[in-house]
Amino acid sequence: SSIDLVLIKDTLVQLAHEAGELIRSKSGNVTFDDKKNAVDLVTEVDKAVEDLVSTKLRARFPSYQFMGEETYVPGKTVLTDEPTFIVDPIDGTTNFIHYFPYSCISLGFAIDKKPVVGVVYNPFLNLLYTGVKGSGSYLNDEKLPLRNSSAKPLSLQGALVAIEWGSERTGKNFEIKTQTFSSLAKDKSEGGAFAHGFRSLGSAAMNICSVAAGNLDCYWEGGCYAWDVCAGWIILEEAGGRMFGGNSNQWETEVDSRVYLAVRGGHGQEEFVKDFWSHIPGELS
Ligand code: IPD
């Protein structure tokens with residue numbers, strides 16, 4: 001296409017720094033609403049950051065669409081094939097409220113619903129992840145994956161796996177997650193995967209970027225949205241990783257499918273995914 005993806009990336013990096021400054025200055029000192037329930041949180045800073053970002057992007061690129069977490073209206077906002085900015089002003093809002101330094105701004109850009117530019121910035125640890133379709137992905141100035149990590153073959157036994165409890169704490173999805181976590185952790189002798197360990201960075205974008213970097217082997221989640229994954233998605237792909245569906249046999253998945261399995265680059269990706277799926281006792285939605 002004739003769209004200058006590098007210009008878009010550069011604009012998003014500049015915005016990420018500006019918004020990051022605002023995010024960093026407010027962390028740990030905010031009031032919050034219980035959006036849907038007592039663990040799904042939103043703050044005034046989420047709204048202020050989205051407002052800043054959408055105003056600047058609409059002024060600079062008036063013909064492109066914008067989708068953001070805080071202005072999303074269920075059943076009304078639809079992702080189209082048009083060039084679209086897909087933005088989470090603060091991914092890891094719970095971290096932000098608790099002053100746990102893993103929140104970030106996640107700025108994605110998709111064409112035909114496919115992520116093509118991603119910028120994820122954690123202003124607390126100064127981690128800037130960027131990816132542009134066809135041009136690779138980076139953490140600050142270092143090309144991903146780090147330390148040639150994709151040279152190591154993938155294996156679920158011995159893997160470092162990112163999981164999140166999410167904000168749904170009752171019902172079928174909650175039971176499926178709980179049983180999957182248990183089966184992934186359990187010893188081989190009892191049919192488990194015997195993964196090395198589990199991490200929850202509390203931000204989908206931070207988890208996906210860590211998989212892209214090769215610091216984590218995979219990340220599984222049901223319940224997040226396009227703005228949680230769009231930017232990380234292209235950063236992951238450009239690092240040799242891949243996004244699969246989070247349910248069995250979902251080899252292809254969409255940015256708004258809500259159930260994902262992100263896997264780092266390396267030999268044995270498809271076997272790894274099949275092995276992972278075999279530990280999920282039902283369909284996550
Ligand atoms: C949430 C975080 C969390 C994930 C949830 C997301 P938010 O985003 O990424 O790690 O488990 O699914 O909704 O609400 O902090 O922007």
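Here are some worked exercises on the structure above.

The model is predicted: local features need pLDDT of at least 70, side-chain atom pairs count only at pLDDT 80 or more, and totals for chains, interfaces and linings use all residues. Residues are numbered from 1 along each chain as its sequence is written.

**Exercise 1. Find the two domains and describe how they touch.**

Step 1. Start with the bounds, which come from an automatic or database domain assignment. This assignment gives domain 1 (5-144) and domain 2 (149-277).

Step 2. Locate the centres. Taken over C-alpha atoms, the centres of domain 1 and domain 2 are separated by 21 Å.

Step 3. Look at the contact, where two residues count if their C-beta atoms, placed from the backbone, lie within 7 Å. Domain 1 puts 39 residues into it and domain 2 puts in 26 residues.

Step 4. Ask which element of domain 1 gives the most to the side that touches domain 2. The answer is β6, with 7 residues. Helices (H or I, at least four residues) and strands (E, at least two) are DSSP runs, numbered from the N terminus.

Step 5. Sort that side of domain 1 by class: 18 nonpolar, 14 polar and 7 charged residues. Here Ala, Val, Leu, Ile, Met, Phe, Trp, Tyr, Cys and Pro count as nonpolar, Asp, Glu, Lys and Arg as charged, and the others, Gly among them, as polar.

**Exercise 2. Describe the surroundings of the ligand.**

Step 1. Collect the residues near the ligand, meaning those whose C-beta atom, placed from the backbone, lies within 6 Å of it. There are 15 residues around the ligand, and Thr93, Glu164, Gly166, Ala204 and Cys224 come nearest.

Step 2. Trace where they come from. Domain 1 and domain 2 each give at least three residues to the shell, and strand β4 (residues 84-91) gives the most, with 3 residues.

Step 3. Count by class: the shell has 3 nonpolar, 6 polar and 6 charged residues.

**Exercise 3. Compare two helix pairs: is each parallel or antiparallel?**

Step 1. Take helix α1 (residues 5-26) and helix α2 (residues 44-60). They pack at an angle of about 160 degrees, with their axes 10 Å apart. Axes are lines fitted to C-alpha atoms, for helices over the stretch in contact, and angles run from 0 to 180 degrees between N-to-C directions. So α1 is roughly antiparallel to α2; angles under 35 degrees count as roughly parallel, over 145 as roughly antiparallel, 65 to 115 as roughly perpendicular and the rest as oblique.

Step 2. List the partners. Residues of α1 including Leu15 and Leu22 meet a set in α2 that includes Val49 and Leu52. By class, this contact has 9 nonpolar, 1 polar and 3 charged residues.

Step 3. Now take helix α5 (residues 204-213) and helix α6 (residues 226-238). Their axes come within 8 Å and cross at roughly 5 degrees, so α5 is roughly parallel to α6. The contact of α5 with α6 has 11 nonpolar, 1 polar and 1 charged residues.

**Exercise 4. Pick out two backbone features.**

Step 1. Recall that most residues other than glycine have a negative phi, and most peptide bonds are trans.

Step 2. Go to the loop between β9 (142-143) and β10 (160-163), where proline 145 sits. The peptide bond from leucine 144 to proline 145 is cis, with omega near 0 degrees.

Step 3. Move to tyrosine 99, in the loop between α3 and β5. Tyrosine 99 has a positive phi, near 65 degrees.
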